Amino acid sequence: MPLTHRPLRLGLLENNTYLIVCPATREAAIVDVGFDAEAAIEAAREAGVHLRYLLNTHAHYDHVAGMRTVQEALGGDYYLHPADRPLLEHLFEQGAMFGFPQATAPAVVHDLAHGQRLPLGEEALEVIHTPGHSPGGVCFRWGEWLWVGDTLFAGSVGRTDLPGGSFEQLERSIRERLFPLGDDLLAFPGHGPSTTLGRERRDNPFVGEGAGRA
Ligand SMILES: [Zn+2]
Ligand SMILES: [Zn+2]
């Protein structure tokens, strides 16, 4: 049975939190909870799921701050790419920089690795390491669906001016690891509307075919 997902737009930066569910087993993963952890908890309870994973596409404050609250309410194992651990360790400073309240990271951090498969009910999510927006940025793939965090947006890309960011790296990640997956893949970003890889490959002003040609 195919996975389903429920996008929730939470908080003042309009972060997308995704609740991914295997309907056959009710096993679920939640991707990126920054603000309004209570709403995320409520959505998971309403869906009647067993939360197996708390997955971070990267460790920026607006994607991490609510993870521990969700974990304390619902359980589940927390996963992050190790290259973003320094960001996680500076969660307090990250929040302070933007004037956000203090947040505590989940106590136990499990590592994500490129190519890793995370079994979810009858299916599995695949981890794709896409550094650039942050060193440990990852995307999660299931079939034609791709949760891309702040790596790629509809008509844009994640900023690369924060600590550890690199536009060259981001460009390579998107062109070499995402676009070859195929034009039909649906991309669900950390902010804003969903898109397809085909649309971004053609039209994205930063990494698309016409990028760099004025
Ligand atoms: Zn970010
Ligand atoms: Zn973000």
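**Exercises on a six-stranded sheet**

Strands β13 and β14 run antiparallel and share two bridges; here, strands pair if DSSP finds at least two bridges between them, and strands (E, at least two residues) and helices (H or I, at least four) are DSSP runs numbered from the N terminus. This is a predicted model, with local features needing pLDDT of at least 70, side-chain atom pairs counting only at pLDDT 80 or more, and totals for chains, interfaces and linings using all residues. Residues are numbered from 1 along each chain as its sequence is written.

**Exercise 1.** Work out what sits across from A187, and which hairpin residue has a positive phi.

*Solution.* Start at A187: its bridge partner in β14 is T195. Then walk the hairpin, where five residues lie between β13 and β14 and G192 takes a positive phi near 80 degrees.

**Exercise 2.** Find the strand order of the open sheet and its edges.

*Solution.* First, line the six strands up: β7-β8-β9-β10-β13-β14, with mixed pairing. Next, pick out those pairing on one side only: β7 (117-120) and β14 (195-196) are the edge strands.

**Exercise 3.** Describe how β10 meets β13.

*Solution.* Check direction: β10 (residues 145-149) and β13 (residues 186-189) run parallel, joined by four bridges. Then look at G149, which stands opposite P189 in β13.

How values were computed:
Chains are lettered from A and ligands numbered from 1 in the order in which they are written. Side-chain values use heavy atoms; hydrogens and water are left out.
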